[in-house]
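Thanks for asking me to look this one over. My notes are below, in the order in which I would read them with the model open.

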Amino acid sequence: MKFISPIIGFIIFVLFFGFALKNSQEVDLQLFLHYELRGPLVLMLLGFFVAGAALGVLALTPTVFRHRRESNKHKTTINTLQASARQATGQPQPDSVNTQQ
């Protein structure tokens, strides 16, 4: 696995680099209110990919914080239960068994 991961990474890099070389022509991006953005196709695609990834991370942020808050609440409950179990004195009583029949 040590050798396969760098090889796959290199292959993916070569494929993306070849894609970038093949798509270097200028493109016009028509925006609202007659704004126009000009640039190489590869940079446009990269920019929109980065913007999409950033929006995805922002969309997951509330969920991550909620899970973190719930995890802290569970840890507090576990610590409270462990502390109360340590403070309990005496051995647990055995279950009563009826030996007479």
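The points below go from the whole chain to single residues.

1. A word on the source before anything else: this is a predicted model. Please keep that in mind for each of the values that follow.

2. Let us begin with the fold. The chain has two helices and two strands, and their order along the sequence is α-β-β-α. With a radius of gyration of 30 Å, well over the 13 Å that the globule rule gives for 101 residues, the chain is more spread out than a compact globule. A box drawn along the principal axes to hold the C-alpha atoms would be roughly 95 × 45 × 30 Å.

3. How much of the chain is buried? Of its 101 residues, 4% count as buried. The surface exposed by the chain comes to about 9,900 Å², and 67% of that area is supplied by carbon and sulfur atoms.

4. The first helix deserves a look of its own. Helix α1 covers residues 4-22 and includes L15. L15 is exposed, since its relative accessible area is 57% and the cut-off for that label is over 50%. L15 also belongs to a nonpolar surface patch of about 1,000 Å². The other residues that make this patch are F3, I7, F10, I11, F13, V14, F17 and L21.

5. F19 is another residue of helix α1. Its relative accessible area is 40%, so F19 is partly exposed. You may like to display F19 together with V42: 23 residues separate the two in sequence, while their C-alpha atoms are 8.1 Å apart in space.

6. Next, the charges. The chain carries 9 positive and 5 negative charges, and the mean positions of the two sets lie 13 Å apart. As a general point, side chains of opposite charge can pair when their charged atoms come close. In this structure there is one salt bridge.

7. Which side chains meet in that salt bridge? They are those of R38 and D28, with 2.8 Å from N to O. R38 is in strand β2 (residues 36-40) and D28 is in strand β1 (residues 26-30), so the pair ties together parts that are 10 residues apart in sequence. The two partners carry separate accessibility labels: R38 counts as exposed because its relative accessibility is 58%, and D28 counts as partly exposed because its value is 40%.

8. My last point concerns backbone geometry. Most residues other than glycine have a negative phi. Against that background, please look at L33, which has a positive phi of about 55 degrees although it is not a glycine. L33 sits in the loop between β1 and β2. With a relative accessible area of 72%, L33 is exposed.

9. H34 goes with the previous point. This residue has a positive phi of about 65 degrees, and it is not a glycine either. H34 has its place in the loop between β1 and β2. Its relative accessibility is 83%, so H34 counts as exposed.

Note on methods. Residues numbered from 1 in each chain as written. Predicted model: local features only at pLDDT ≥ 70, side-chain atom pairs only at ≥ 80, totals over all residues. Heavy atoms only, no water. Patch = residues over 30% accessible without salt bridge, like charges linked within 9 Å, V, L, I, M, F, W, Y side chains within 5 Å. Areas by Shrake-Rupley, 256 points an atom, 1.4 Å probe, with all protein chains shown as cover. Salt bridge = Lys/Arg side-chain N within 4 Å of Asp/Glu carboxyl O. Helix = DSSP H or I, 4+ residues; strand = E, 2+ residues; numbered from the N terminus. Buried < 20%, exposed > 50% of the residue type's maximum accessible area, 1.4 Å probe, protein only. Rg over C-alpha atoms; globule rule 2.2 N^0.38 Å. Lys, Arg positive; Asp, Glu negative; His and termini not counted. Charge placed at Lys NZ, Arg CZ, Asp CG, Glu CD.
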